[in-house]
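Q: I have a structure on the screen and do not know how to read it. Can you take me through its features step by step?

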Amino acid sequence: MPAELGLVQKASVQGKVHRASSLFKLYILNRAEAFFGFYPLRERTVSIDDTAHTFYDVTGSQYVQQAQMWFDSVWSTIACERQP
């Protein structure tokens with residue numbers, strides 16, 4: 001952690017969970033910056049011990065598409081060749 005390296009005076013992390021599928025991700029850094037992204041959901045039904053169970057699952061293809069769009073935006077704007 002940055003606090004252990006002496007980069008900041010103090011660092012802390014707090015987290016909680018809930019029973020629903022992840023709907024989005026949100027990281028807040030130093031109460032000043034935020035990183036946010038959606039996890040689109042789709043309904044699925046699977047059979048467990050001959051009983052159908054319906055749940056909501058993250059749609060990976062949309063997540064990958066959004067991640068690729070973000071990567072491409074960084075790559076084509078602020079990324080640069082590493083200087084020796």
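The dialogue below goes from the overall layout to single residues.

Q: What kind of model is this?
A: This is a predicted model. Keep that in mind throughout.

Q: How many helices and strands does the protein chain have, and what pattern do they follow?
A: Begin with the elements. The protein chain has four strands and one helix. Along the sequence they come as β-β-β-β-α.

Q: What share of the residues in the protein chain is buried?
A: A residue counts as buried when its relative accessible area is under 20%. Of the 84 residues in the protein chain, 4% are buried. The accessible surface of the chain comes to about 8,400 Å². Carbon and sulfur atoms hold 55% of that surface.

Q: What share of the contacts joins residues 24 or more positions apart?
A: Take the contacts in the protein chain with a separation of 6 or more. Residues 24 or more positions apart account for 10% of them.

Q: How many aromatic pairs does the structure hold?
A: The structure holds two aromatic pairs. One joins tyrosine 27 and phenylalanine 35: their ring centres are 6.1 Å apart and their planes meet at 25 degrees, so this pair is stacked. The cut-off for stacked is under 30 degrees. Tyrosine 27 is partly exposed, at 47% relative accessible area. Phenylalanine 35 is partly exposed too, at 38%.

Q: Which residues form the other pair, and where do they lie?
A: Phenylalanine 71 and tryptophan 75 form a stacked pair, with 5.6 Å from centre to centre and 25 degrees between the planes. Both residues lie in helix 1, which covers residues 60–77. They are four residues apart, about one turn of the helix.

Q: Are phenylalanine 71 and tryptophan 75 buried or exposed?
A: Compare each value with the cut-offs. Over 50% counts as exposed, and partly exposed lies between 20% and 50%. Phenylalanine 71 has 39% relative accessibility, so it counts as partly exposed. Tryptophan 75 has a relative accessible area of 61%, so it is exposed.

Q: How do I find empty space in a model?
A: Rolling a probe the size of a water molecule over the atoms shows where empty space is left. Here, the second largest pocket has a volume of about 250 Å³.

Q: Which residues line the second largest pocket?
A: The lining has 10 residues. Lys25, Gly37, Gln66, Ala67 and Trp70 lie nearest the pocket centre. Strand 2 (33–38) and helix 1 are the elements that give two or more residues to this lining. By class, the lining has seven nonpolar, two polar and one charged residues.

Q: Where is leucine 41, and how far is it from threonine 59?
A: Sequence distance and space distance are separate readings. Leucine 41 is found in strand 3, residues 41–48. Leucine 41 and threonine 59 are 18 residues apart in sequence. In space, their C-alpha atoms are 5.4 Å apart. With 32% relative accessibility, leucine 41 counts as partly exposed.

Q: What is phi near in asparagine 30 and aspartate 49?
A: Look at the sign as well as the value. Phi of asparagine 30 is near 55 degrees, a positive value in a residue other than glycine. Aspartate 49 also has a positive phi, near 55 degrees, and is likewise not glycine.

Q: Where do these two residues lie, and are they buried or exposed?
A: Asparagine 30 lies in the loop between strand 1 (24–29) and strand 2. Its relative accessible area is 75%, so asparagine 30 is exposed. Aspartate 49 lies in the loop between strand 3 and strand 4 (51–58). Aspartate 49 is exposed as well, at 72%.

Note on methods
Residues are numbered from 1 along each chain as its sequence is written. This is a predicted model: local features need pLDDT of at least 70, side-chain atom pairs count only at pLDDT 80 or more; totals for chains, interfaces and linings use all residues. Side-chain values use heavy atoms; hydrogens and water are left out. Buried means under 20% relative accessible area, exposed over 50%, partly exposed in between (1.4 Å probe, protein chains only). Contact means heavy atoms within 4.5 Å. Accessible areas come from the Shrake-Rupley method with a 1.4 Å probe; for residues, only the protein chains shown count as cover. Rings of Phe, Tyr and Trp (its six-membered ring) pair if their centres lie within 6.5 Å; planes under 30 degrees apart count as stacked, over 60 as edge-to-face and the rest as tilted. On a 1 Å grid over the protein atoms alone, a cavity is a set of points where a 1.4 Å probe fits but cannot get out, and a pocket is an open set with protein on both sides within 12 Å along at least five of seven lines; lining residues have an atom within 4 Å of a point. Grid points are joined across faces, edges and corners, and a volume is the space filled by probe spheres set on the points. Ala, Val, Leu, Ile, Met, Phe, Trp, Tyr, Cys and Pro count as nonpolar, Asp, Glu, Lys and Arg as charged, and the others, Gly among them, as polar.
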